[in-house]
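Biologist: I would like to go through this model one question at a time. Please keep the answers short.

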Amino acid sequence: MNNYKNWKKNIFRFLTAQTISLLGSSIVQYSIIWYITISTSSGVMLTIATVCGFLPQVIISLFAGVWIDRYDRKKMIILSDLMIAVMTLILALSFLSGFKFIWLLFIVLIVRSFGTGIQTPAVNAIIPQIVPNEHLMRINGINSTLSSLMMFISPAVSGAVLSIISLEATLFIDIITAIIGIGITLTISIQSYQRVDKIDNSYLKEIKEGFIYLKENRFIKRLLIFQIVILFLISPSAFLTPLMVSRTFGSQVWRLTASEMTYSLGMVIGGLLITTWGGFKKKINTTLLAGAMYGIIMMALGLAPYFLLYLLLNMMIGITSPCYNAPITVTIQEKVDSSMHGRIFSLMQISTSCALPMGMIIFGPIADYIAIQWLLIGAGSIVFLLSLYIYLSHYFEIN
């Protein structure tokens, strides 16, 4: 089809730009979280950081979905990258001037969350414009692998910078990579997205249309509910493991670095696995298997008595992540009308932005009174049982 002319060159450039930009963003994200962890050693402070990093996505995603379905998706990605880079520059200048306050980091996390709320659904929505449907699983797998590879590299870079220089140095890395990523994205030729329906409706009306579409599509609605519950339950393993490592094994930067690197290495392996394997014919079964495995390993993570065993299990839990997420993304890309991609991916983004902070609001303060290991064991067992029940009950098999 003409729509996909030179699609391999276009997707190569696009993924390259996103990978470079993600490298800088991941370095800064890890640096900020570690700075807060080491400076405060508080579950409450980590909870505040988590809320600041995700809650703004809820606010912006409702409107971002409409913008993504209305306007040039490439420009939306560039603008979000630019917004994050500018805010990171302001933070760097503030720290260099001696204003090293925790609340400044919270403000930056809020702005970066706004940018992510726009960029993530825009990237998921633009990939089907570039890539033919039969290659979506492979390309999403490659994208997941590249993202995981950058997340694998960035903790090492971040840890090295924090150990040798300061937080300010990592902030400038993000600014440089954002400029490079934006420059590459500008060179990509993507056919303008053409909407079939009119765009003279109000934002609120188009937001309502997204909710109506979700309500009428029972499969996507059930998928969204399942996603919210799972993300709520895995929040301890997603955000409290750095604190667990600090309290149980030691607060050295290298331990936090090793923890993040092993998880990211697992995600690289998982991305390669889903790229080459492609998952089951029924994509949702791949997600359910990965969810069940995640729950089992999450329980084992809470029982690990030695740091090396913890790192091995952490890598294994990372392997399950791309196998869980990639089939969900492809399912939406295939089953949802292209004119609704922005709004549906934004609603999925909202589920992530709500469920994870909601989990941290509950589990974060509890972690100051109950060992994080017990939270991992309890939540992991529920994740396993729920994934198994969903599979056995044929919850997603709707005609």
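Biologist: In which helix is Ser-163 found, and is Ser-163 buried or exposed?

Modeller: Bear in mind that this is a predicted model. Ser-163 is found in helix 5, which covers residues 136-164. Exposed means over 50% relative accessible area. Ser-163 has 53% relative accessibility, so Ser-163 counts as exposed.

Biologist: What separation do the C-alpha atoms of Ser-163 and Trp-254 have?

Modeller: Along the chain, Ser-163 and Trp-254 are 91 residues apart. In space, their C-alpha atoms are separated by 8.9 Å.

Biologist: Which helix gives the most to the largest nonpolar core?

Modeller: The largest nonpolar core has 80 residues, and those with the most contacts inside it are Phe-14, Tyr-310 and Ile-332. The helix that gives the most to this core contributes 13 residues and spans residues 218-248: helix 8.

Biologist: How many residues are in the second, separate core?

Modeller: Val-28, Ile-32, Ala-49 and Phe-95 are included in this second core. Its size is 17 residues.

Biologist: At what angle do helix 1 and helix 3 pack, and is their crossing left-handed or right-handed?

Modeller: Helix 1 covers residues 7-40 and helix 3 residues 73-96, with their axes 12 Å apart. Among the residues that meet are Phe-14, Val-28 and Ile-32 in helix 1, and Ile-77, Leu-91 and Phe-95 in helix 3. The residues of this contact divide into 7 nonpolar, 3 polar and 1 charged. The packing angle is about 35°, and the crossing is left-handed.

Definitions and conventions
Residues numbered from 1 in each chain as written. Predicted model: local features only at pLDDT ≥ 70, side-chain atom pairs only at ≥ 80, totals over all residues. Heavy atoms only, no water. Helix = DSSP H or I, 4+ residues; strand = E, 2+ residues; numbered from the N terminus. Buried < 20%, exposed > 50% of the residue type's maximum accessible area, 1.4 Å probe, protein only. Core = buried A, V, L, I, M, F, W, Y, C linked by side-chain atoms within 4.5 Å. Axes fitted to C-alpha atoms, helices over the stretch in contact; angles between N-to-C directions. Left-handed = near helix turned anticlockwise from the far one by under 90°. Contact = heavy atoms within 4.5 Å. Nonpolar A, V, L, I, M, F, W, Y, C, P; charged D, E, K, R; others polar.
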